[in-house]
Structure formats: structure tokens, C-alpha cells
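Notes from a session with this model open on the screen. I went through it element by element and wrote down what I looked up.

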Amino acid sequence: MGSDLLSRLPHGLSFRFVDRILELAPGKRVVALKNVTLNDPHLQGHFPGNPLMPGVLLVEAMAQTAGLLLPEGASALLAQIKEARFRRPVVPGDQVRIEAELVAELGGLRRFAVRASVDGLLAAEAEIVLSVTKPGDTTG
Amino acid sequence: MNEVAQRVRQLLATRLKLAKAAEEVGDDTPLFGPEGLGLDSIDALELVLGLEKEFGVVIDNRDVAVKVLASVRTIAEYVQSQGKG
């Protein structure tokens, strides 16, 4: 499900951190998957001999997941990261389940509650604000 | 009005990073812009969420937000006009 929707993300594949969409309530809530693997380029340096998905990339993955809730054709920039917490390390072999839910919107700003978990255990959570720079299809 | 205004001031202090103490924010101090507290649109969203939680008032429209979030007084008046507070 949702490969078309994934292609809406503006990021090139080298900077896409969402692999699959599992559930979608358009505009409201989305659940996506990110598979972490040993040959992910950023794990070569973070860290040699101790591969660990960088927390900032988990935030990026959560922000990209939130971006899937924007209307088709919309573009947005990260405006705020709040209350980010990293509960446990994410390592190669982990399948990260990422949930994003719209909590508020005002003008061009949308705020999302986001969570990333592995095997049912919370790995990271945050509140993320996206600033919509191009509204896209408002009927979508 | 005074009690609601005091709760609004408290909300500003707890949810936002203010440059001055909440007690020093006057009822008519502009919340946005260089003449006032200098809050921005991200602060406005934070404030809208805070007002919903504290008073149960919903502001989901930018035009309403611009009018209501002008000052402590305009927020307190809006809360009371909605039968809250």
C-alpha cells in the first residue's frame, strides 16, 4: 500500500527514511515502516564497529512520515522539534514502526505527535511542526 | 476577567519562552511584533494548543487567531465570550 504516496515525498532515495506505509487516515494519522540495515551509508561512520541509527535521522524519519499527511503537491519545511526523547538505540536489523498524528494546525503550520518503536518498544518520540510552504491540493 | 487574565499570563509563562516575567506582561501588551513580546507563528500554535487544554476553547482559523491572540486582554475576553474560564 501507498507506494504512490511515498513517491510524493520530495526527498531523493539517498535521503528517504520511510520504506512503506502501513496505515493511513489521510490528513490525520499515518503509520509507516523504516527498515534499518547494516549497509545503510550513515551507519558506516555512526559508529565504526558499533552501528547505530543516528537520533537526528530518526527525527528525520518521523518528520518525513508526518509529511505523508500533507495534501498532494504540498511542500513543507521543518519548523520546530519539541520534546524529542530517545528511549533506546536503533540498530541494524531493526524494523522501525513510525506513527504520526496531526494534533493542531494554524495558518500554514501543522503540528504532529510522532513516535518510533521497535518490536513494540518505544525508541523515540517528539512533537514536530511543519511549515507548509506550498499548500498543494487542498481537496486531497 | 482578572482571574482569567491571570491564568492566560500563567499559560504564556509555562508554554512559551518569554523574554520577561509573566507578571510584567500587561493586559494590553501586544503579544506579537517588535513592539510587544515578539512571539511568532510557532508560538501562536503553541498558545492555541494551550488555550484548548486550559480553557477548552478552539481556535482553528488564522483570522480568528490574529484577532484573539493580540494581547492578554483579547484572549481573556474571547475565553469569556465562549462561556469558558
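**Chain A: a helix and its cover**

I began with helix 3 of chain A and listed its buried residues: A:Leu58, A:Val59, A:Ala61, A:Met62, A:Ala63, A:Gln64, A:Thr65, A:Ala66 and A:Gly67. Note to self: this is a predicted model.

What covers them? I found that the cover over the buried residues of helix 3 of chain A includes strand 2 (29-35), strand 3, strand 4, strand 5 and strand 6 (121-134) of chain A.

I also checked the length of helix 3 of chain A, residues 55-67. Its 13 residues at 1.5 Å each should span 18 Å, and the end C-alpha atoms are 18 Å apart, so that agrees.

**Chain A: strand pairing**

Next I followed the strands. Strand 2 and strand 4 of chain A run antiparallel, joined by 7 bridges. As a landmark I took A:Ala32, which stands opposite A:Ile98 in strand 4 of chain A.

From strand 4 of chain A I moved on to strand 5 of chain A: antiparallel again, with 10 bridges. Here I noted A:Ala100, whose bridge partner in strand 5 of chain A is A:Val114. The hairpin of these two strands has 2 residues between the strands, and in it A:Gly107 takes a positive phi near 55°.

Then strand 5 with strand 6 of chain A: 10 bridges, antiparallel sense. I met A:Val114 again, as its bridge partner in strand 6 of chain A is A:Ala126. This hairpin has 2 residues between the strands as well, and A:Asp119 has the positive phi, near 50°.

Is strand 5 of chain A mostly covered or mostly open? Mostly covered: I have 7 of its 10 residues down as buried.

**Where the chains touch**

How many residues does each chain bring to the contact? I get 8 from chain A and 8 from chain B. On the chain A side, strand 3 (75-86), strand 4 (95-106) and strand 5 (109-118) each supply at least two residues. By type, that side of chain A divides into 5 nonpolar, 2 polar and 1 charged.

**Chain B: helix 1**

Over to chain B, where I looked at helix 1 (residues 2-15). Its 14 residues should span 20 Å at 1.5 Å a residue, and I find the end C-alpha atoms 20 Å apart, which agrees.

Which residues of helix 1 of chain B are buried? I listed B:Val4, B:Ala5, B:Val8, B:Arg9, B:Leu11 and B:Leu12. Looking down the axis of helix 1 of chain B, I see these buried residues fall within an arc of 155°, so they line one face of the helix. They pack against helix 2 (41-55) and helix 4 (72-81) of chain B. On the other side of helix 1 of chain B, I have B:Asn2, B:Glu3 and B:Thr14 as exposed.

**Confidence**

Last, I looked at how far the predictor trusts this. Chain B has a mean pLDDT of 92, with 99% of its residues at 70 or more. Within chain B, confidence is lowest in helix 1, at a mean of 94, and highest in helix 4, at 96. For the complex I copied down an ipTM of 0.85 and a pTM of 0.91.

Methods:
Residues numbered from 1 in each chain as written. Chains lettered and ligands numbered in written order. Predicted model: local features only at pLDDT ≥ 70, side-chain atom pairs only at ≥ 80, totals over all residues. Contact = placed C-beta atoms within 7 Å. Helix = DSSP H or I, 4+ residues; strand = E, 2+ residues; numbered from the N terminus. Nonpolar A, V, L, I, M, F, W, Y, C, P; charged D, E, K, R; others polar. Expected span 1.5 Å × (residues − 1). Buried ≥ 20, exposed ≤ 12 C-beta atoms within 10 Å, placed from the backbone. Arc of directions from axis to C-beta. Pairing = 2+ DSSP bridges. pLDDT = per-residue confidence, 0-100.
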